[in-house]
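Q: I'm new to this structure and would like a close look at a single strand. Please pick one and walk me through what sits around it.

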Amino acid sequence: MQEYFNEVSILPTVEQALKSLYLCQSLTTAYQPIYMVRLDERNGKVFILAGEDIQILVSRDGNWEFLS
């Protein structure tokens, strides 16, 4: 249990958090279900999985892109 507290956690940036919330709100406005929102601790990007095949990556600076 002690080892868990010694690990360094990556938190989303303010820009990243706001853009992720905006994108999730836009997806639900378009009646797209959101299945997963996850911060990838390896690269610090937020991954959003929604709808039939929508995959979005949000960078730490708030820029985002669709994955194919």
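A: Here is a walk that starts with the whole chain, settles on strand β3 and then follows its neighbours.

First, some ground rules: this is a predicted model, in which local features need pLDDT of at least 70 and side-chain atom pairs count only at pLDDT 80 or more, while totals for chains, interfaces and linings use all residues. Residues are numbered from 1 along each chain as its sequence is written, and side-chain values use heavy atoms, leaving out hydrogens and water.

Now the overview. The protein chain has two helices and four strands, laid out along the sequence as α-α-β-β-β-β. Those names refer to DSSP runs numbered from the N terminus: H or I with at least four residues for a helix, E with at least two for a strand. The chain has 68 residues, and 29% of them count as buried. Here buried means under 20% relative accessible area, exposed means over 50%, and partly exposed is in between, using a 1.4 Å probe and protein chains only.

The strands make an open sheet with the order β1-β2-β3-β4 and antiparallel pairing. Because β1 and β4 each have a single partner strand, they stand at the edges, and one side of each is left without a neighbour in the sheet. Neighbouring strands are turned by 15° against each other on average, with direction ignored. For that angle, axes are lines fitted to C-alpha atoms (for helices, over the stretch in contact), and angles between N-to-C directions run from 0 to 180 degrees.

So, what about β3 itself? Strand β3 covers residues 54-58, and four of its five residues are buried, so the rest of the structure largely encloses it. On one side, β3 pairs with β2 (residues 46-50) in the antiparallel sense, over five bridges. Two strands count as paired if DSSP finds at least two bridges between them. Among the matched positions, Leu49 has Gln55 as its bridge partner, and Val46 has Val58. Three residues lie between these two strands in their hairpin, where Gly51 takes a positive phi near 55°.

The other pairing is with β4 (residues 64-66), again antiparallel, this time through three bridges. There, Ile56 has Phe66 as its bridge partner. This hairpin has five residues between the strands, and Gly62 takes a positive phi near 95°.

One step further along the sheet, β2 is largely enclosed too, because four of its five residues are buried. Its pairing with β1 (residues 34-39) is antiparallel, with five bridges. Ile34 stands opposite Ala50, and Arg38 stands opposite Phe47. The β1 and β2 hairpin has six residues between the strands, and Gly44 in the turn has a positive phi of about 75°.

Next comes the packing. Ile54, Ile56 and Val58 belong to the largest nonpolar core, which has ten residues in all and also includes Leu23, Cys24, Leu27, Leu39, Val46, Ile48 and Ala50. Helix α2 (14-29), β2 and β3 each supply at least two residues of this core. A nonpolar core is a set of buried Ala, Val, Leu, Ile, Met, Phe, Trp, Tyr and Cys residues joined through side-chain atoms within 4.5 Å. In soluble globular proteins, nonpolar side chains tend to be buried together. Leaving aside neighbours within four places in sequence, Leu23 is in contact (heavy atoms within 4.5 Å) with Ile48, Ile56, Val58 and Trp64.

Helix α2 also holds Gln16, which counts as buried because its relative accessibility is 0%. A polar atom of the Gln16 side chain lies 2.7 Å from the backbone oxygen of Gly44. Beyond four places in sequence, Gln16 has contacts that include Val58, Ser59, Arg60 and Gly62.

Finally, look at Ser59, in the loop between β3 and β4. With the same kind of sequence neighbours left out, within four places, Ser59 is in contact with Gln16 and Lys45. Ser59 and Lys45 are 14 residues apart along the chain, yet their C-alpha atoms are separated by 4.9 Å.

Key. A polar contact is a pair of N or O atoms within 3.5 Å; within protein, one must be able to donate a hydrogen and the other to accept it, and residues adjacent in sequence count only if both atoms are side-chain atoms.
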